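Student: Could you take one pair of packed helices and go through it closely? I would like the terms explained as they come up.

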Amino acid sequence: MVGHLNRGRQFYFGDNATMWMTIWNLDGHPKLHHFLWKACTGSLAVKGRLVERHVASEGMCELCGAESESIIHTLVECPEIASVWEKSLFSSLLNEAPRSSFGECFAWLCLKMDREKILNCATIMWVAWAFRNSVGFNEPWCELQQGVEGYSRLVREYRMYAATVFRRQPVQTVPSSREWRPPAA
Ligand SMILES: [Zn+2]
């Protein structure tokens, strides 16, 4: 039990603390935060995970046919979203990033980029997830690049809205481990 708690503490406040604080402080849409939490904690419902949990019988990526759909595959590696990454500023950095899990990859990116770039990069990951879901639900987007532009606009507009509405509130820059808990997966 203690070992389990220590592992949890290490996951949230140890080597990955920078990543969690970066996500916490991202100036993005609440849905983007929620998506990132799920992706970094390994709890996005990708096919590979559903097979592990015996919820699905096959874990193939519906976009490219890869054998086991993992979170890092869907958000970063899937050839079907490669064109978006290739056109982005993040292509060479992603090629260097560790790939053992999405959480490890994103934690590494958080150490390499400023908050503005992380927000843009996370928005593309959010687009990749929405695109994958559009195919999974049989309503595939016609134009992936339009999705990138639409989601980027959503993030920018939310930011302007938040700046107006929350301007008078104090900005909490460092979450307190006593007051703050990561959301349930
Ligand atoms: Zn794929």
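Tutor: What follows is a close look at one helix pair and the core around it. The model is predicted, so local features need pLDDT of at least 70 and side-chain atom pairs count only at pLDDT 80 or more, while totals for chains, interfaces and linings use all residues. Residues are numbered from 1 along each chain as its sequence is written.

The pair is helix α9 (residues 115-136) and helix α10 (residues 144-165), whose axes are 9 Å apart at an angle of about 130 degrees. Helices here are DSSP runs (H or I, at least four residues), numbered from the N terminus. Axes are lines fitted to C-alpha atoms over the stretch in contact, and angles run from 0 to 180 degrees between N-to-C directions. The angle makes α9 oblique to α10, because under 35 degrees counts as roughly parallel, over 145 as roughly antiparallel, 65 to 115 as roughly perpendicular and the rest as oblique.

On the α9 side, the contact is made by L119, T123, I124, W126, V127, A130 and F131; α10 supplies L144, G147, V148, Y151, S152 and V155. Contact means C-beta atoms, placed from the backbone, within 7 Å.

Helix α9 also gives the most to the largest nonpolar core, with ten residues. Such a core is a set of buried Ala, Val, Leu, Ile, Met, Phe, Trp, Tyr and Cys residues joined through C-beta atoms within 7 Å; buried means 20 or more other C-beta atoms within 10 Å of a residue's own. Of the 38 residues in this core, A39, L75, F102, F106, A122 and M125 touch the most other members. Leaving out residues up to four places away in sequence, M125 touches A39 and L75.

Note on methods. Helix = DSSP H or I, 4+ residues; strand = E, 2+ residues; numbered from the N terminus. Contact = placed C-beta atoms within 7 Å. Buried ≥ 20, exposed ≤ 12 C-beta atoms within 10 Å, placed from the backbone.
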